[in-house]
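Reader: I should be grateful for a close look at a single part of this model. Please choose one helix and describe in detail how it is placed among its surroundings.

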Amino acid sequence: MKHALPSALLALLLSACASVSAPSYYTLSAPSAAAPVAPTRWIDVQAVTVPLQLDTPQLVVRQGDASLALLERQQWASPLDAEIRGALVTALGAQGVRDIHALPPPADTPLHRLKLELQAFETMPGRAVRWEGVWSLRGTGGAKASLTCAFSAQEPVGTQTAEMVAGHQRLLSRLAGQIAAAMAQAAAPACPGN
């Protein structure tokens, strides 16, 4: 009888642990249906800066105007800054812009360095996802032009996590399109519209 209580307590604790579901992991890299594109331009995508309150593995959603909630079971596949950088590299690659981070560019090839600072990365379930930030291209080698542009956009989303992540993927794709368009104007780069 003396061991019945600890055994029962142990069984209760184990059953409680078994009922907790495993986390779901999400990525900002959208699935690509297109064939790989040969590189026509070269870029060095630097580390991405994100708001400190979002520097967490869990997805963070806005509740009302002032409060945030961590979705404990919905997590990014990697730290958010690395997730954005990796997805941006993939999206730029689909447009013929190849990242050579920490590697030398091919000989006689213009190279741009990209720096992205996101000042807002908001998720509002059932309403929208919103990004605001600044990005800059700095030319090296034959690419001497420098450019700093603002990015501000939002996408409508549903309440399901997959819908919210897909909204962020669409924003990332729009941003990659802006950067690729600016790089294509080698003679006189200008900030594209949002």
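Author: The model is a predicted one, and the part considered here is helix α2. Within this helix, Leu 80, Glu 83, Ile 84, Arg 85, Ala 87, Leu 88, Val 89, Ala 91, Leu 92 and Gly 93 are buried. These amount to 10 of the 14 residues of α2, so the helix is largely enclosed by the rest of the structure. An α-helix has 3.6 residues a turn, so residues three or four places apart point the same way. The length of the helix may be checked as well: at 1.5 Å a residue, α2 should span 20 Å, and its end C-alpha atoms do lie 20 Å apart, so the two values agree.

What do the buried residues of α2 pack against? Their partners are the strands β1 (24–26), β2, β4, β5 and β6, together with helix α3. These partners are best taken in turn, beginning with the sheets.

One open sheet is formed by five strands in the order β5-β2-β6-β7-β8, with mixed pairing. At its edges are β5 (97–99) and β8 (146–156), each of which pairs on one side only. From one strand to the next, the twist averages 30°. Helix α2, comprising residues 80–93, packs on this sheet and touches β2 (41–49), β5 and β6. The direction of the helix makes about 165° with that of β2. Strand β6, one of those touched by α2, covers residues 111–124 and pairs with β7, residues 128–140, in the antiparallel sense over 13 bridges. Within this pairing, Glu 117 stands opposite Val 134 in β7.

The other sheet to be described is also open: three strands form it in the order β1-β4-β3, and the pairing is mixed. Its edge strands are β1 and β3 (58–63), each pairing on one side only. On average, neighbouring strands of this sheet are turned by 55° against each other, direction ignored. Strands β3 and β4 run antiparallel and are joined by six bridges, and Gln 58 stands opposite Gln 75 in β4. Helix α3 packs on this sheet, touching β1, β3 and β4, and its direction makes about 95° with that of β4. Leu 71 belongs to strand β4 (residues 67–76). Leaving aside neighbours within four places in sequence, Leu 71 is in contact with Gln 58, Leu 59, Val 61 and Thr 161. The C-alpha atoms of Leu 71 and Leu 59 are separated by 5.4 Å, although the two residues are 12 residues apart along the chain.

The remaining partner of α2 is helix α3, residues 161–184, which lies across β2, β5, β6, β7 and β8 and runs at about 25° to β7. The two helices pack at an angle of about 55°, with their axes 9 Å apart. That angle makes α2 oblique to α3, and α2 passes α3 in a right-handed crossing. On the α2 side the contact is made by Ile 84, Ala 87, Leu 88, Ala 91 and Leu 92, and on the α3 side by Leu 172, Ala 176, Ile 179 and Ala 180. Each of these five α2 residues is also listed among the buried ones.

Is Thr 90 of α2 buried or exposed? Thr 90 lies in helix α2 and is partly exposed, with a relative accessible area of 44%. The C-alpha atoms of Thr 90 and Ser 173 are separated by 9.6 Å, the two residues being 83 residues apart along the chain.

Technical notes. Residues numbered from 1 in each chain as written. Predicted model: local features only at pLDDT ≥ 70, side-chain atom pairs only at ≥ 80, totals over all residues. Heavy atoms only, no water. Pairing = 2+ DSSP bridges. Helix = DSSP H or I, 4+ residues; strand = E, 2+ residues; numbered from the N terminus. Axes fitted to C-alpha atoms, helices over the stretch in contact; angles between N-to-C directions. Contact = heavy atoms within 4.5 Å. Buried < 20%, exposed > 50% of the residue type's maximum accessible area, 1.4 Å probe, protein only. Expected span 1.5 Å × (residues − 1). Parallel < 35°, antiparallel > 145°, perpendicular 65-115°, else oblique. Left-handed = near helix turned anticlockwise from the far one by under 90°.
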